[in-house]
Amino acid sequence: MVGTFFGVGYVKPGPGTYASVATVLLWWGAAHLLHIGPHNLSALTLLAMIVVTAVGVPASAIVARQSTLKDPQFVVIDEVAGQLFALLALSPTWVHGLLALALFRLFDIWKPWPIRKLEKLEGGWGIMMDDLLAGFFAHLVLHIAMAFIPALR
């Protein structure tokens, strides 16, 4: 259940995209339903990213071993962790959510250097770390864009 993010990994086509969309919706929903401010949302997002990564590494390793695949497409907990990184320190607006989603999916699918290199790590580390780095790249690009484009703030 953890590796597939409660079954989202079985949704076709593109289970990684569905997991990313679900993550953005959960982030946005938590911010608006819990009525928390931007600093608390950032802390909650960081905590969620850490917890998802901590449980995702062993969960994805177990699923990969049981399926005999190095990085099964239905394991999407890595997309959840990476998408949370992309959402870190953003205001819960639809613009920020969509931009974080688009940039994360771009880097996750494209996998420029050094993201692709991290796939070579063993077990759950290889499954999780490339997506976390893709999330970091999305986070970095979005925050740089926000610094130069006032309409994005």
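Helices here are DSSP runs of H or I with at least four residues, numbered from the N terminus. With that naming, Leu-121 sits in the loop between α5 and α6. Keep in mind that this is a predicted model. The briefing looks at how α4 packs with α1 and α3, then at a few residues in the loops and the segment before α1.

**Helix α4**

- Helix α4 covers residues 94-110. Its 17 residues reach 24 Å from the first C-alpha to the last, close to the 24 Å expected at 1.5 Å a residue.
- Buried residues in α4 are His-96, Gly-97, Ala-100, Leu-101, Leu-103, Phe-104, Arg-105, Phe-107 and Asp-108.
- What do these buried residues pack against? Their partners are α1, α3 (77-87), α5 (115-118) and α6 (123-148).
- As a general point, an α-helix has 3.6 residues a turn, so residues three or four places apart point the same way.
- Right after α4 comes Lys-111, with a positive phi near 50°.

**α1 against α4**

- Helix α1 takes in residues 15-33, and its axis lies 10 Å from that of α4, with a packing angle of about 155°. Angles over 145 degrees count as roughly antiparallel, so α1 and α4 are roughly antiparallel to each other.
- The crossing of α1 past α4 is right-handed.
- On the α1 side, the contact uses Gly-16, Thr-17, Ser-20, Val-21, Val-24, Trp-27 and Trp-28, while α4 brings Trp-94, Gly-97, Leu-101, Phe-104 and Arg-105.
- By type, the residues of this α1 and α4 contact come out as seven nonpolar, four polar and one charged.

**α3 against α4**

- At roughly 130°, the axes of α3 and α4 cross and come within 9 Å. That angle makes α3 oblique to α4.
- Here too the handedness can be given: α3 passes α4 in a right-handed crossing.
- From α3, Glu-79, Gly-82, Gln-83, Ala-86 and Leu-87 meet Gly-97, Ala-100, Leu-101, Phe-104, Arg-105 and Asp-108 of α4.
- The residues of the contact of α3 with α4 split into five nonpolar, three polar and three charged.
- Gly-97, Leu-101, Phe-104 and Arg-105 of α4 turn up in the contact with α1, and they also appear in the contact with α3.

**How covered is α3?**

- How many of the residues of α3 are buried? The count is eleven of eleven, so "mostly covered" is the description for this helix.
- Among the buried residues of α3 are the charged ones, Asp-78 and Glu-79, alongside others such as Ile-77, Val-80 and Phe-85.
- The buried residues of α3 pack against α1, α2 (38-67), α4 and α6.
- Just past the end of α3, Ala-89 has a positive phi of about 65°.

**Asp-130 and Lys-111**

- Asp-130 belongs to helix α6. Is Asp-130 buried or exposed? Buried means under 20% relative accessible area, and Asp-130, at 0%, counts as buried.
- Beyond its neighbours within four places in sequence, Asp-130 touches Asp-108, Lys-111, Ile-115, Leu-118 and Glu-119.
- One of those partners, Lys-111, is in the loop between α4 and α5. Lys-111 is also buried, at a relative accessible area of 12%.
- Lys-111 is not a glycine, yet its phi is positive, at about 50°.

**Leu-121**

- Leu-121 is partly exposed, with a relative accessible area of 35%.
- Which residues does Leu-121 contact, leaving aside neighbours within four places in sequence? They are Lys-70, Gly-126 and Met-129.
- Leu-121 and Gly-56 are 65 residues apart along the chain, and their C-alpha atoms are separated by 15 Å.

**Backbone spots to check**

- Lys-12 and Pro-13 are joined by a cis peptide bond with omega about -15°. Pro-13 is in the segment before α1.
- Another cis bond runs from Trp-113 to Pro-114, with omega near 5°. Pro-114 is part of the loop between α4 and α5.
- Phe-6 has a positive phi near 60° despite not being glycine. Phe-6 is located in the segment before α1, and it is exposed, at a relative accessible area of 59%.

Note on methods
Residues numbered from 1 in each chain as written. Predicted model: local features only at pLDDT ≥ 70, side-chain atom pairs only at ≥ 80, totals over all residues. Heavy atoms only, no water. Axes fitted to C-alpha atoms, helices over the stretch in contact; angles between N-to-C directions. Helix = DSSP H or I, 4+ residues; strand = E, 2+ residues; numbered from the N terminus. Parallel < 35°, antiparallel > 145°, perpendicular 65-115°, else oblique. Left-handed = near helix turned anticlockwise from the far one by under 90°. Contact = heavy atoms within 4.5 Å. Expected span 1.5 Å × (residues − 1). Buried < 20%, exposed > 50% of the residue type's maximum accessible area, 1.4 Å probe, protein only.
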